[in-house]
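Work through the exercises below with the model open. Try each task before reading its solution.

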Amino acid sequence: MRNILRHNSTAYSSAMVVGNKRLSPVYSFLELELLQDFPLHKPPQFIMVWVPGYEAVPMTIAGRRGDRLWILVKIAGDTTRRLAGIEEGSFIGLYGPLGKPLIPPGNRFLFLVGGSGVATALNYISSLGCSQDKCLTVFGCWKYSEIGSVPELIEEFGSATITACLDRRCNVYGTVVDALNNIDPGEYDAVIACGPPGMLKSLIDKIPLDKSIFVLDSYVKCGIGLCGSCLVPGTRYYLCIDGPGFYARELVEAGWH
Amino acid sequence: MDGLEVVVTGIKLSHPIMNASGVLASTPEGVARLIDAGVSAVVTKTLTKEPREGYKTPITIPLPIGLLNAVGLANPGIEAVGKLVETGHSLGKPVIVSIGGRDPEEFLYLAEKALEAGADALELNLSCPHTPGYGVDAAKTIKTIKEVVKNTASISNKPVWAKLGYSRLLVKEAGAALEAGASALVLINTIPGMKIDVYALKPILSHGYGGLSGPAIHPIAVYSIYMVYREYKPEIIGAGGAVDWETAIELLAAGAKAVQIATAFHLKGYNIIKEIINGIKQYLKQTKRKNITEIIGSATK
């Protein structure tokens, strides 16, 4: 018991919003100042972000330096809408880190991202020592207007970027999966895909499963493996304690659907 | 035979460690996951008459001393009991069905459903501290505790476990539950608690207050079990802050025959049961005891 009290790896901290940059109509990039001790995380671990008066939602830390922490918010409901428009000086709460780290070997990485998966990709890009000649991110959205300056942010973090959307103004006209017609995933040491389940499932036949990581996105309630809300469909895995990242083959063989 | 077998209300257990209600066992997958983790019996989530969504997030807050939660008795409703029991039995483990009614009649209805499904025992949730209408609210007085237990025990051909929380009246409440026909007591539930964010100046849990569990309440659990065991020598299943072999042994020495764990899964992961069992085996060897039953209640003698 003494050890547990000394080495608890999950904690709650208050945080002050010190920066909020709107990147597009649906994405905001927030800089937070941690006001209490908060354990370090590794990708693709996540945190629960509590907005007073609203709910707590699972989010990925895009990056951290000392007591400064950055999160990318994609608007998906009332809580994320409030968070995306939150004023500097506001206080929020965080708890985590939750889930397990999953770091692929190698130094050339392909990221396939959609929706709120961008934040997870940013975390990997900064943690894996990416540079634009070694890492490529394919960022997909339905509409061109959603993309805004997210690609510039991804490049700033250290990855080259290709955009895909159902608009001729994107680099690729189509989805993230369509973008793979001109990219050989086999050239990379690992493929990391983060996005909605439909997107991930459509990648199964297009990427080498043994060296691909799927980072799942799900409804999370307790975040600590007790309530059972985040059961991965078709498997006995729980996203919050077994994931959120899984090797694609492991998921497919476990019966994920 | 490794000396870890215990018999609790006639149910043979290969070792004394099971999960506490509230952990995963609201789906067949959750039941299977707990059995994979090594529990000797599965205790289901508290099942209510209708399904319950539970509270909005945040429903848990990790604290340096344990865990605060207000889940709000989220569960699929009593109609899901069949699949839970069937999964546990197909994997060779007894299933204790936890039920939560709002009044003695509802407890009776839930008990009938659980018994029809083949429950090995019923655990009456008389102590959830944070769901208005249920738990402590449904067992407000000694008279109500007696009524709920008596009604349920009168129709049950299986053991009835009454789960009580700490209160100044615990010894009296325990006596009432036993007198009304409880085969065993589960002691204790979480303790009411609250955490306020000092910058937002608001309670963090969406429900405002919740139940505190984990290391913070372990001494209270030891004390509660000790006092009740000393008074009545009943069968007790201990719950409250067991996170390793040492804290589990303390509950046994105070009078528990078996131990339920929950927060330990969060603090140490799902290998914790194997760790606790290995620790207990080492302890028995170190203290030259052949059987874990030699420990039960030994601190009260």
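**Exercise 1.** Decide how covered strand E6 (residues 68–74) of chain A is, and find its partner strands.

Solution. Start with burial. A residue is buried if 20 or more other C-beta atoms lie within 10 Å of its own, exposed if 12 or fewer, and partly exposed in between, with C-beta atoms placed from the backbone. By that count, six of the seven residues of E6(A) are buried, and the strand is mostly covered. The strands, like the helices, are DSSP runs numbered from the N terminus: helices (H or I) have at least four residues, strands (E) at least two.

This is a predicted model: local features need pLDDT of at least 70, side-chain atom pairs count only at pLDDT 80 or more, and totals for chains, interfaces and linings use all residues. Residues are numbered from 1 along each chain as its sequence is written, while chains are lettered from A and ligands numbered from 1 in the order in which they are written.

Next, the partners. Two strands pair if DSSP finds at least two bridges between them. Strand E2 (residues 27–34) of chain A pairs with E6(A) over seven bridges, in the antiparallel sense. There, Glu33(A) has Arg68(A) as its bridge partner. Strand E5 (residues 61–65) of chain A is also antiparallel to E6(A), over four bridges. Arg64(A) faces Leu69(A) of E6(A). Two residues lie between the strands of the E5(A)–E6(A) hairpin, and Gly66(A) there has a positive phi near 60°.

**Exercise 2.** Describe how domain 1 and domain 2 of chain A meet.

Solution. Take the bounds from the automatic or database domain assignment: domain 1 covers 2–98 and domain 2 covers 109–253. Their centres, over C-alpha atoms, are 20 Å apart. Now count contacts, where two residues are in contact if their C-beta atoms, placed from the backbone, lie within 7 Å. The count gives 23 residues of domain 1 against 24 of domain 2. On the domain 1 side, E2, E3, strand E4 (56–59), E5 and E6 of chain A each supply at least two residues. That side holds 17 nonpolar, four polar and two charged residues. Here Ala, Val, Leu, Ile, Met, Phe, Trp, Tyr, Cys and Pro count as nonpolar, Asp, Glu, Lys and Arg as charged, and the others, Gly among them, as polar.

**Exercise 3.** Which elements of chain A supply the side that touches chain B?

Solution. First the totals: 27 residues of chain A contact 36 of chain B. Helix H1 (2–7), strand E1 (11–22), strand E3 (46–50) and strand E7 (91–98) of chain A each give at least two residues to this side. The chain A side comprises 17 nonpolar, seven polar and three charged residues.

**Exercise 4.** Trace the seven-stranded sheet of chain A, then place its helices.

Solution. The order is E11-E10-E9-E8-E12-E13-E14, in an open sheet with mixed pairing. Strand E11 (172–173) and strand E14 (245–247) of chain A are at the edges with a single partner strand each, so one side of each lacks a neighbour in the sheet. Strand E8 (residues 109–114) and strand E12 (residues 190–194) of chain A run parallel, joined by five bridges. Val113(A) is opposite Cys194(A) of E12(A).

Helix H3 (residues 117–127) of chain A packs on the sheet and touches E8, strand E9 (135–140), E12 and strand E13 (212–215). Its direction makes about 160° with that of E8(A). Axes are lines fitted to C-alpha atoms, for helices over the stretch in contact, and angles run from 0 to 180 degrees between N-to-C directions. Helix H4 (residues 150–157) of chain A touches E9 and strand E10 (160–165), at about 155° to E10(A).

**Exercise 5.** Is Ile99(B) buried or exposed?

Solution. Locate it: Ile99(B) lies in strand E7 (residues 95–99) of chain B. Ile99(B) has 27 C-beta neighbours inside 10 Å, so it counts as buried. Leaving out residues up to four places away in sequence, its contacts include Thr46(B), Phe107(B) and Leu122(B). Finally, look further along the chain. Gly135(B) is 36 residues from Ile99(B) in sequence, yet 9.7 Å away, C-alpha to C-alpha.
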